[in-house]
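Two interfaces deserve a look here: one between chains, one between domains. Please keep the structure open while reading.

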Amino acid sequence: MTQLVLEQALNGLQFGLMLFLLAAGLTLVFGIMDMINLAHGSLYMVGAYIAASVAEQSGSFVLAVIVAVGATAIIGALLELAVLRRLYRRDHLSQVLATFALILVSNEAVRMIWGDQPVMLAMPEALSGPVEIGGFMYPAYRLLIVVVGVVAAASLYLLVAKTRLGMWVRAGASNREMAQAMGVDVRRLFTIVFAIGAALCALAGALLGPLLAVQVGMGESILILAFVVIVIGGIGSVRGALVGSLIVGVSDTLGRALLPTLLREIVPLEIAASLGPALASILIYLLMATILFWRPEGLFPARA
Amino acid sequence: MAEHAQAPLLQLAGLVRHFGGVYALNGVDLSVERGEIHALIGPNGAGKTTLIHHISGAMHPDAGSVRFDGADITRMAMHTRVAHGLARSYQITNVFARLTVFDNIALAVEARHGGGDETQAVIERIGLAGATGVAAGALSHGEQRQLEVGLALATAPRLLLLDEPLAGMGPEESERMIELLDHLGRDMTLLLVEHDMDAVFRLADRVSVLVAGKVIASGLPDDVRADAEVRRAYLGDT
Amino acid sequence: MHKLKLAALLAMMGMAAMAQAAPQNERVKVGMLSTLSGPGAGLGVDIRDGFNLGLKHLNGKLGGLPAEVIVADDQQNPDVAKQASEKLLKKDKVDFMTGIVFSNIMLAVGPSVFENKTFFVSANAGPSQLAGEQCNPYFFNVAWQNDNLHEAVGKYVAERGFRKVALLAPNYPGGTDAFAGFKRQYKGKVAEEILTKLGQLDYAAELAQLRASKPDALYIFLPGGMGINFIKQFVAAGLSRDIQLFAPGFSADEDIIKAVGAPMMGLFNSSQWAHDIDNPQNRKFVADFQKDYGRLPSLYASQGYDAALLMDAAVRDSKGKLDDKDAVKKALEAAKFQSVRGAFKFNHNHYPIQNYYLRVIGKDAQGRITNKTVGTVFTNHADAYASACKMK
Amino acid sequence: MSFYVESRRRRYAASVVLAGLAAFPLLAQALDQGFYVSLMSRVLIYALAATSLNLVLGFGGMVSFGHAAFVGLGAYTVALLTSAGAVSAWVAWPAAVAVSALAALFVGAVSLRTRGVYFIMITLAFAQMLYYLIVSLKTWGGDDGLPLAARNILGAGIDLKDDANFYYAVLACLVATLLLVGRLIRSRFGRVIQGIRENEARMEAIGYPVFGYKLACFTIGGALAGLAGALLVNQTGLASPNQMFWTQSGMLLVMVVLGGVGSLYGGALGAAALLILEEVLSGYTIHWQLGVGAVLLTVVFLAPHGLAGLATVVARKRHG
């Protein structure tokens, strides 16, 4: 039993880190540009599709990830220059409308290029099986995601805390006018940050592609989860995104694993059988509502 | 109720508020008597605006009490305090920029009742009768500050909290505002946070000095000016 | 000279006018209402393409009458579907409707179609309601009843002697119905019934649970993307070595195989059709579908194709008198067409009585990963709801 | 912008449109295009739903991302009551309004502690919870939805089964809603919620119980959404969890922003524009979403205040 709980906790950690890859870019863009970008999920989708194409042509997964990340960063930067840049000064609602339109456009563009049916993105042969750790078997590929998630979190931390770019980012997130006064080229900073966000999306898309369906609409379902994460963590805070990801990942996984069993102990079997899964489905939303009720600005508000 | 009539209009006892580990208010005791103009001075970062937030109800203290007209209002919501006669203005102009001067004042009057003539009367009192139909955002800085005071005034307060009403004003605008405040002081009690020492000593009946979240002196203007501790902590370095 | 030209012009105009005034039943109008946008679009597009291929093989005619197909997108949204169906019924006045993929859409659209006395030939959606008490003279299903494929796997799993089986489906009535269908034929021990969130992405928690409870077989009902997610993760977790995975045909057809690839190999699934079923019409269908669309047909495509053939038979056998509803109904019931799946006939509830096959995914002669038929599970199998249908 | 003022020109335009809408079924039937009556009924129902959201969003300043939940609750209430024998519209529809109002009261009471994006997400969270609960509830049909056996009974010899009659019932509800919302935003209540939208802290500081006003506005919006739901279930004959999914809430938001935030007719205009655009484009290509996306992007950049704002600009230019 303890072993099972441990394994589930690891699963939760892994799911959380998976969400973090997506949430980190979202929270950066959100915190610094004060921009609601619904099309974030579309960049994730585009990243996954590009990775799938490259992997099929070249047979190399590593190359696929690299090309997807690079190409999506360029697409992101172009998108920022052509469209999103004009939206920073607009209200959140205009941003919602415009980026919603971008979702429609990118979904259809992907359908026209890659077709209606889901495409394949296979994991590298070497990682396709399980390995033994701590007395139980764990998928090697999921361990890779844990490692990449940790590396991404650490490098983001270093980037934000230790580099000049990071200093600009922090300045921009807490006070845009001040940053401008300090001589930061805010326009270029925004383009760079957006490209980084897009690259993180593509990394998430390419890495999750072998575990999840690569299909039109994949961006929207995970986008909602990413929003839940950054809202729990506090918008604009990378640390908040990490903590939020882990909270969502662990509670969702443990909830699904344990709630039905626990309920069987408390209420009659009949009710538990229908209540358990229903509760597990809404657990993260319940969690978010509860956290926001007590902490209306999330756990780590970026602008205290 | 007789004892209430003698009690100070506003009485703060041991107000404490900390943010994280920093104490913004560290046991503030203060009383404002009926009918007086009471000035609150202190160096930057002393906690003056935070204190105004706590008196007006925008924030709630970790410890201590706020009594208004004899009643404990420590936990009372801001809008209820307004209904009891306790209104405030803001240090940074905080008006309805997209509404006209008339609509601004009418909103504040309507919080109590129908409005009508009273709106016009308030507008005249704050000296904006010539700009009734102008959007607040289009007024000059000085006029916006007058409107700022007007919004608080329109709630018909017994105690008016004024957070740096002269902030950013030129000499001419300042003079007009000081005159306005002087007039208001005849009808209601004022608690005035202000940096302009000339204005403070011209207007105030009593002065309190807030330093590092504590009132270190309170009394007649000349006494406070002469107070050694005040001179050392505050006036000395100006 | 001028007069001649004028006369010719007048004659042409007259002919054009006559063509327009031609009676309705000299052509057949079909309303193709399907899911053509969003995540479920792959299925709808397959049905549409299969139907169009059928029509092409019939030279663009149904029962000898020129056919016109009006395509509409239901967006997988009951609201939109209802709206689009009203348009097909009232504006375009179609003679037949087909194309709906999902049961909830079918149930939303059904009542107004039936009230309008328009025949619906379902090329996929087969809800139990319409098979049982709410069966309808105007509803024909040329695919299967939802439970059939679950039953087929249940029977096979029981025959293979698996003793400890786990079931997994999303938490909605379709999921619990799948369990019921499976258990109708499998009477052995069910180790675990796991209900997951609809649209779930990550299945690590469920996989750990399965690893702990050690069933010897697992039956999954996870439509669309959920199935892709699960199968990928199931294999990566190494569970495929100890647990035999089973699925209904629609979780293991060409669309899913194309998205998952090698991890699909060794998965057993049930279907009423397979691209390697050996009969002339199927060989032609599969070859021409690949030629026209550049991909192997899925079972959805085969169902769309059969829907076209069934309509052709109905128009032919009712002698093109499409307003004679009774004649059309009789012709549909007779179902005199060569189905690509081989033998086909309707039960009294207008759902098929047909064979169900077991398929396994592996590499074919050309090295493609695809389904291979390994045996027949049911012969002339009907659905469990027919007895509740009062129709004769 | 100051407080919302309905110009005479706009009111005049509205009455012309209303006259056109009233004549529409007669015209459609005369041209043997009865189908369009049903299409327009749906457009009008979404116009009502979007108008209710615009009250919350455009005038109250609250970006609710869960508004479809209240529409769906209204639909389920009617479907459940009707199957239990309460077939009268005079019972079922007010009940739908009441249930949605109660739900909005609860959701609002919890959610209004938060602001901005946090508010957006917490309202979304409640809608998603409701969606997943209903999908898993077999007794209410799960994702198959809950069918409505027949349209509700209005009495007075008006049979709603007739599409034209139903159309007029919907039109009457929409007009009543627009009159109600119009009157509401011109009232003291309306000025207060617009004041709150402009500057919430100051409204509190001049003595308004801001929370109470926002909650009241949110609840009224939810109640009207319930009415839209009651009509929708009569239109489609099915209460479906799809009607509550977040994409539907998003669609309502898009309608309001497209039409014009904080303009009385904005919601209705946006709903009509979007649905008709979808209808037309999807007749040509299955890639119609590309076209819709392009049109929305154009609107964002060329008409920042939505179609209603665009109409004002055009009118001003023409009349100097």
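What follows is a short report on these interfaces in a predicted model.

**Chain A and chain D**

Chain A brings 39 residues into contact with 36 residues of chain D. The area buried between chain A and chain D is about 3,600 Å². Carbon and sulfur atoms give 82% of that area. On the chain A side, A:Leu93, A:Leu97 and A:Tyr285 lose the most area to chain D, together 18% of what that side buries. The rule finds zero salt bridges across the interface of chain A and chain D. Six residue pairs are in polar contact there, both at pLDDT 80 or more.

Three elements of chain A give two or more residues to the side that touches chain D: α4 (92–114), α9 (218–233) and α11 (269–294). Of these, α4(A) gives the most, with 14 residues.

**Two domains of chain B**

Domain 1 of chain B spans 2–85 + 158–235, and domain 2 of chain B spans 93–156. Their C-alpha centres lie 24 Å apart. In contact are 18 residues of domain 1 and 12 residues of domain 2. The area buried between the two domains is about 1,100 Å², with 63% from carbon and sulfur atoms. In domain 1, B:Leu160, B:Leu180 and B:Leu184 lose the most area to domain 2.

One salt bridge crosses this domain interface. The side chains of B:Asp187 and B:Arg125 meet in a salt bridge at 2.3 Å, N to O. On the domain 1 side, α7(B) gives the most, with seven residues.

**Residue classes by side**

| Side | Nonpolar | Polar | Charged |
|---|---|---|---|
| Chain A, touching chain D | 28 residues | five residues | six residues |
| Domain 1 of chain B, touching domain 2 of chain B | 10 residues | two residues | six residues |

Terms used
Residues are numbered from 1 along each chain as its sequence is written. Chains are lettered from A and ligands numbered from 1 in the order in which they are written. This is a predicted model: local features need pLDDT of at least 70, side-chain atom pairs count only at pLDDT 80 or more; totals for chains, interfaces and linings use all residues. Side-chain values use heavy atoms; hydrogens and water are left out. Contact means heavy atoms within 4.5 Å. Buried area is the accessible area (1.4 Å probe) that two parts lose on being put together, summed over both. A salt bridge is a side-chain nitrogen of Lys or Arg within 4 Å of a carboxyl oxygen of Asp or Glu. A polar contact is a pair of N or O atoms within 3.5 Å; within protein, one must be able to donate a hydrogen and the other to accept it, and residues adjacent in sequence count only if both atoms are side-chain atoms. Helices (H or I, at least four residues) and strands (E, at least two) are DSSP runs, numbered from the N terminus. Ala, Val, Leu, Ile, Met, Phe, Trp, Tyr, Cys and Pro count as nonpolar, Asp, Glu, Lys and Arg as charged, and the others, Gly among them, as polar. Domain bounds come from an automatic or database domain assignment.
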